[in-house]
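I set out to look up how the interior of this chain is put together, and then to follow its cross-links and strand pairing. My entries are in the order in which I looked.

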Amino acid sequence: QEQVVESGGGEVQPGGSLKLSCQVSAILFSSNDAGWFRQAPGRQREKVALITSSGSTDYADSVKGRFTISRDNVKDTLYLEMSSLKPEDTAVYYCKVTETYTNGETLEFWGQGTQVTVAS
């Protein structure tokens, strides 16, 4: 059964750093695009960072220069390194893997999320 499991969240002071991990199983991770999203209370879920199967990346303007997305296709793991964290980064962070089939159809797999709280 396909699984996407995030870890690494927690509470950190402004200016601090955290590294999130997303372990993927039963999905051909290396061949598919993946990304991190977040949802703060009362707000819609938003894109944080995306990475294609070939390693191209895309970031939300609000995190450019502070966050780095990466992937380890041997370990089937997606990462998000976050630095210079701000209170407005507080949210539940979700990992998503998009599986693309030969007919062009896609299927998304989401994790349960991990809480990141930035507070002094």
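**Core, disulfide, sheet**

I began with the largest nonpolar core, which has 30 residues, and I noted that Trp36, Leu78, Leu80, Met82 and Tyr93 have the most contacts inside it. I then asked which strands supply at least two residues of this core, and found E3 (18-25), E4 (33-39), E5 (46-51), E7 (67-72), E8 (77-82), E9 (91-100) and E11 (114-118). I keep in mind that this is a predicted model.

I next listed the neighbours of leucine 78, leaving aside residues up to four places away in sequence, and among those it touches are Leu20, Cys22, Phe29, Ala34, Trp36, Ile51, Ile69 and Cys95.

Two of those names led me to search the whole structure for disulfides, and the search finds 1. It joins cysteine 22 to cysteine 95, with an S to S distance of 2.1 Å. The pair links distant parts of the chain, since cysteine 22 lies in strand E3 and cysteine 95 in strand E9, 73 residues apart. I checked both cysteines for exposure, and both cysteine 22 and cysteine 95 are buried. The torsion about their S-S bond is about -80 degrees, so I record the disulfide as left-handed.

Last, I traced a sheet that contains E3: 4 strands form an open, antiparallel sheet in the order E1-E3-E8-E7. Strand E1 (3-7) and E7 are its edge strands, each pairing on one side only, and the twist averages 15 degrees from one strand to the next. Between E1 and E3, which run antiparallel, I found 5 bridges, and glutamine 3 stands opposite serine 25 in E3.

Notes
Residues numbered from 1 in each chain as written. Predicted model: local features only at pLDDT ≥ 70, side-chain atom pairs only at ≥ 80, totals over all residues. Heavy atoms only, no water. Core = buried A, V, L, I, M, F, W, Y, C linked by side-chain atoms within 4.5 Å. Buried < 20%, exposed > 50% of the residue type's maximum accessible area, 1.4 Å probe, protein only. Contact = heavy atoms within 4.5 Å. Disulfide = S-S within 2.5 Å. Pairing = 2+ DSSP bridges. Axes fitted to C-alpha atoms, helices over the stretch in contact; angles between N-to-C directions.
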